[in-house]
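Please open the model in a viewer and keep the sequence panel visible. The tour below proceeds by selection, with a short account of what each selection contains.

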Amino acid sequence: MKTVEIIGYRRANLGKTDSQRLRDEGSVPCVLYGGDNQIHFYSPMILFRDLVYTQDAHFVHVNIEGEECQAILQEVQFHPVSEVILHADFLRISEDRKIKMNIPVRLVGQAPGVSKGGTLVRKRAALKVYGFPKDMPDHIDVDVSGLDFHHAVKIGDMAVEGLEFLDPHQATIAAVEVPRAAKMAADEAAAAPAAGAADAKKAEAPKKEEGKK
């Protein structure tokens, strides 16, 4: 897994007012957890571009005024409208301790159901896994080449050496769904014979009455 460097500076003041001032100046208020003490710091927002706006997971080399460590981005908060980064939490890691990470999913292969008119739907953008840092991949490939209509790849179908999947095993990662228009057409086609039989019975009813007379 690749590493992104985040250079930070210790915060002299805490609180909402100071946090907003840092954001107005183009920085992100941050907290580093996992050591003897949590460290409050801030970092230029531009450094987060390769860490947050990417399709791969990354380790983070945190450098706070010369104090360096390896970490992962544990949580990031965005403004609900502007999507500007409001806050970031980092967790210090070591090679001999297992960690939990959300690893992005990459769908690979051509699903047969798609070539028949179905739609490949991604249900999960990332998978939560547990393992040693050395076993963490940039992303996890999910093979969809066996998916036909109404078929799905579930968490329980996945296996990556060194990793434990923490999401529910029955949770769906990707599935091929039938488009609504095609489903309605199929339903109408299935209903047509039944409707025809009902009409035929109605037509026969008057003839039977005439025969009795």
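Which residue takes a positive phi in the hairpin of strand 5 and strand 6? Select the six residues between these two strands: Glu 83 is the residue in question, with a phi near 65 degrees. Please note that this is a predicted model.

**The whole chain**

Display the full chain as a cartoon. The chain contains four helices and 13 strands. Of its 213 residues, 31% are buried. The accessible surface comes to about 13300 Å², and carbon and sulfur atoms account for 50% of that surface. Among contacts between residues at least 6 apart in sequence, 66% join residues at least 24 apart.

**Strand 6 and its partners**

Next, select strand 6, residues 85–92, together with strand 5, residues 67–78. The two strands run antiparallel and are joined by seven bridges. To view one position in this pairing, select Glu 75, whose bridge partner in strand 6 is Asp 89.

Now add strand 2, residues 27–33. Strand 2 runs parallel to strand 6, and four bridges join them. Within strand 6, Ala 88 stands opposite Cys 30.

Keep Cys 30 selected and add Cys 69. Are these two cysteines buried or exposed? Cys 30 is buried, with a relative accessible area of 0%, and Cys 69 also counts as buried, at 11% relative accessibility. How many disulfides does the structure hold? The number is zero.

**Ser 27**

Move to Ser 27, which lies in strand 2. Its relative accessibility is 9%, so Ser 27 counts as buried, the cut-off being under 20%. Which residues are in contact with Ser 27, if neighbours within four places in sequence are left aside? Show the side chains of Leu 22, Tyr 42, Ser 43, Pro 44 and Met 45, which are the contacts of Ser 27 on that basis.

**The aromatic cluster**

Select Phe 41, Phe 48 and Phe 90 and show their rings. Ring pairs link these three residues into a cluster. A search of the whole structure finds four aromatic pairs. One of them is formed by Phe 48 and Phe 90, a tilted pair with 6.1 Å from centre to centre and 45 degrees between the planes. Why does this pair tie together separate parts of the sequence? Phe 48 lies in the loop between strand 3 (39–44) and helix 2 (49–52), whereas Phe 90 belongs to strand 6, so the pair connects parts that are 42 residues apart in sequence. Colour the two residues by accessibility: Phe 48 is buried, with a relative accessible area of 0%, and Phe 90 is likewise buried, with a value of 0%.

**The sheet of three strands**

Finally, select strands 8, 13 and 11. They form an open sheet in the order 8-13-11, with antiparallel pairing. Which strands lie at the edges? Strand 8 (119–122) and strand 11 (152–154) are the edge strands, each pairing on one side only. From one strand to the next, the twist averages 10 degrees.

To finish, select strand 11 with strand 13, residues 172–177. Three bridges join these antiparallel strands. As the last selection, show Ala 152 and Ala 175: Ala 152 stands opposite Ala 175, which lies in strand 13.

Conventions. Residues are numbered from 1 along each chain as its sequence is written. This is a predicted model: local features need pLDDT of at least 70, side-chain atom pairs count only at pLDDT 80 or more; totals for chains, interfaces and linings use all residues. Side-chain values use heavy atoms; hydrogens and water are left out. Rings of Phe, Tyr and Trp (its six-membered ring) pair if their centres lie within 6.5 Å; planes under 30 degrees apart count as stacked, over 60 as edge-to-face and the rest as tilted. Buried means under 20% relative accessible area, exposed over 50%, partly exposed in between (1.4 Å probe, protein chains only). Two strands pair if DSSP finds at least two bridges between them. A disulfide is a pair of cysteine sulfur atoms within 2.5 Å. Axes are lines fitted to C-alpha atoms, for helices over the stretch in contact, and angles run from 0 to 180 degrees between N-to-C directions. Contact means heavy atoms within 4.5 Å. Accessible areas come from the Shrake-Rupley method with a 1.4 Å probe; for residues, only the protein chains shown count as cover.
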